Amino acid sequence: MIAGGNGDPNPNASWLDSRGLWLAYVLGLAIFHIVLLAIPFVQIPYAWTITNITHNLGAPWMSIDAGENRKYTHWEQINCGEQFTTTRKFLTAAPIVLFLLTCMYTRNDIDHFTVNFISLVVVLVPKLPQFHGVRLFGINKY
């Protein structure tokens, strides 16, 4: 059965390969950060940490697919599970670059570094090929 109106078998992840997504991704992140900086009582290090943590929380929506793809995480659905594609490389590099920028603008404050580093590890470890299909503590298990 084909889901979606355009005949795409997996509309949950196919939009990630669409044209201009990387630009929209970076612009959305930058706009969110600028809005945080515009709040008078939010200091620059906290704005960077909030941006990083919010970014690393993940996709802000639930999968609507009730078919075969429901047993896979959003990351596992990207490019039908194929590893090291350009989309996956970009989505892996983005939190790393954001973490480095956050460390630079927080001046390597130990509290900010600890929170941001834990967030980075929690985001990157599940993206490793060794964790494809692995479910820890029954999370995302169907």
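## Exercises: a pocket, a core and some rings

The residues lining the second largest pocket split into twelve nonpolar, three polar and no charged. Keep in mind that the model you're working with is predicted.

**Exercise 1.** Work out which helix gives the most to the lining of the second largest pocket.

*Solution.* Start with the space itself: the second largest pocket holds about 210 Å³. Next, take the lining, which comes to 15 residues. Val-26, Leu-29, Val-97, Leu-98 and Leu-101 are the ones nearest the pocket's centre. Now go helix by helix: α1 (21-38), α2 (44-56) and α4 (86-105) each bring at least two lining residues. The top contributor is α4, with seven residues.

**Exercise 2.** Decide whether Ile-78 is buried or exposed, then find what it touches beyond its sequence neighbours.

*Solution.* First, place the residue: Ile-78 sits in the loop between α3 (74-77) and α4. Its relative accessible area is 2%, and the cut-off for buried is under 20%, so Ile-78 is buried. Then look for partners, skipping residues up to four places away in sequence: Ile-78 touches Ala-13, Leu-16, Thr-87, Arg-88 and Leu-91. The C-alpha atom of Ile-78 also lies 8.3 Å from that of Asn-12, although 66 residues separate the two along the chain. Finally, Ile-78 belongs to the largest nonpolar core, along with Ala-13, Leu-16, Leu-21, Trp-75, Phe-90 and Leu-91. For Trp-75, leave out neighbours within four places and you get contacts with Arg-88, Leu-91, Thr-92, Pro-126 and Lys-127.

**Exercise 3.** Count the aromatic pairs, and explain why the pair Trp-22 and Phe-90 is stacked.

*Solution.* The count is six aromatic pairs. For Trp-22 and Phe-90, the ring centres are 4.6 Å apart and the planes meet at 10°. Stacked needs planes under 30 degrees apart, so this pair is stacked. It also links distant parts of the chain, with Trp-22 in helix α1 and Phe-90 in helix α4, 68 residues apart. As for exposure, Trp-22 is partly exposed at 38% relative accessibility, while Phe-90 is buried at 17%.

Now try Phe-113 and Phe-117: their ring centres lie 5.7 Å apart with planes at 10°, so that pair is stacked too. Both residues are in helix α5 (residues 110-124), four residues apart, or about one turn of the helix. Phe-113 is partly exposed at 31%, and Phe-117 is partly exposed at 40%.

**Exercise 4.** Find which residues form one aromatic cluster with Tyr-25.

*Solution.* Go back to the pair linking α1 and α4. Trp-22 and Phe-90 join Tyr-25 in one cluster.

Terms used:
Residues are numbered from 1 along each chain as its sequence is written. This is a predicted model: local features need pLDDT of at least 70, side-chain atom pairs count only at pLDDT 80 or more; totals for chains, interfaces and linings use all residues. Side-chain values use heavy atoms; hydrogens and water are left out. On a 1 Å grid over the protein atoms alone, a cavity is a set of points where a 1.4 Å probe fits but cannot get out, and a pocket is an open set with protein on both sides within 12 Å along at least five of seven lines; lining residues have an atom within 4 Å of a point. Grid points are joined across faces, edges and corners, and a volume is the space filled by probe spheres set on the points. Ala, Val, Leu, Ile, Met, Phe, Trp, Tyr, Cys and Pro count as nonpolar, Asp, Glu, Lys and Arg as charged, and the others, Gly among them, as polar. A nonpolar core is a set of buried Ala, Val, Leu, Ile, Met, Phe, Trp, Tyr and Cys residues joined through side-chain atoms within 4.5 Å. Buried means under 20% relative accessible area, exposed over 50%, partly exposed in between (1.4 Å probe, protein chains only). Contact means heavy atoms within 4.5 Å. Rings of Phe, Tyr and Trp (its six-membered ring) pair if their centres lie within 6.5 Å; planes under 30 degrees apart count as stacked, over 60 as edge-to-face and the rest as tilted.
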